[in-house]
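Please look at the sequence and the model below before reading the report. The text takes up a metal site, a single residue and a pair of helices in turn.

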Amino acid sequence: MKRLSLLLGALGLGACVSSSAIDPAIAQQLANQMFGAATRGTSEPAQVYGSYARGCGDGFVQLPETGPTWQAMRLSRNRNWGHPEMISVLQDLSRQAVQIGWNGLYVGDISQPRGGPMTSGHASHQMGLDADIWMLPPGRLDLSRTERENLSSVSVRTEDQRGLTSHWTPQHAQVLRAAASDPRVDRIFVAAAVKIEMCRTATPADTAWLQRIRPIQGHNYHFHVRLRCPAGSPSCETQSPTVAELSNGGNGCDDTLMWWVTDFLNPPRQTERPAEPAEPTPRRRHPREFVMADLPRQCSEVVTR
Ligand SMILES: [Zn+2]
């Protein structure tokens, strides 16, 4: 149970939002169907509502499919939309990647045009403040739509989850450092082995950005950039605990990191049968099961504008 709450907490799935005054005609509709059907952003000023795994947003813009230093991948999903600040962060980071020696960035899923729960995949990515960036350094930035459907990223982590593959390079560390140093970024999710490698050479001067790099399951084919709540979004809930709290003010190169390559992979054997819980714990619903009434009230307006 502790492990489960750790996993869910790490992804920011804990938040609960009260809902009121939702149009009864849509209150019980599946949210991912409604948000999945929206093909464009709204024309309202940019604002996000709710939390990373239970939210939506107005005024999202599209990351141009191809730019001088990036390409958006898997265009058929129409998930290259985000809060304007997210799009700026990605464009800025792609320019930094060029300075580091890459051709730019391959950008995976951001959000749907109005955010919200998705029909497949991610629990989060609902507020236009989360983006996946491929671990594969771009070869070309003139990939066709079809090539962008078919090309695959590479894993920088070994199958046993304990080490890195030959796909990992010092430039990966520099790109991650650049991303984590952006003050608009709240945290970055990577496979534990990646952070362990970056901890190896850490100095006290690295603490502020390194504590933003958080170990999580998966995230060996891509890293995930999560922004803080942007200005002008009073109904946006920042993730808690903060990265400073999670790492007790340190860089996070500690037991909680090593847990991912020890107990997480080889749970200690239980010598006694665990006592049955007095009451069954309610099953946590995946955002795919959310109805509109589960989302912040504003999301019913966003999806019907
Ligand atoms: Zn992601």
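What follows describes a predicted model, beginning with its metal site.

The zinc ion is coordinated by NE2 of H125, OD of D132 and ND1 of H224, at 2.0 to 2.3 Å, and along the chain these donors follow the spacing H-x6-D-x91-H. The two histidines link distant parts of the chain, being 99 residues apart: H125 belongs to the loop between β7 (105–107) and β8 (130–134), whereas H224 is found in strand β11 (residues 222–227). Both histidines can be set beside S94 of helix α3 (residues 84–100) in terms of accessibility, as the table shows.

| Residue | Relative accessible area | Class |
|---|---|---|
| H125 | 1% | buried |
| H224 | 2% | buried |
| S94 | 0% | buried |

S94 counts as buried because its relative accessibility, 0%, falls under the 20% limit. When residues up to four places away in sequence are not counted, S94 touches T69, W70, G104 and L105.

Helix α3 also takes part in a helix pair. Two packed helices are described by the angle between their axes and the distance between those axes. Here the axes of α3 and helix α5 (residues 170–180) come within 10 Å and cross at roughly 145 degrees, and the crossing of α3 past α5 is right-handed. On the α3 side L93, Q96, A97 and I100 take part in the contact, meeting Q171, Q174, V175, A178 and A179 of α5. The residues of this contact between α3 and α5 comprise six nonpolar and three polar ones, with no charged residue among them.

Key. Residues numbered from 1 in each chain as written. Predicted model: local features only at pLDDT ≥ 70, side-chain atom pairs only at ≥ 80, totals over all residues. Heavy atoms only, no water. Donors = N, O, S within 2.8 Å, 3.2 Å for Na, K, Ca; no water. Helix = DSSP H or I, 4+ residues; strand = E, 2+ residues; numbered from the N terminus. Buried < 20%, exposed > 50% of the residue type's maximum accessible area, 1.4 Å probe, protein only. Contact = heavy atoms within 4.5 Å. Axes fitted to C-alpha atoms, helices over the stretch in contact; angles between N-to-C directions. Left-handed = near helix turned anticlockwise from the far one by under 90°. Nonpolar A, V, L, I, M, F, W, Y, C, P; charged D, E, K, R; others polar.
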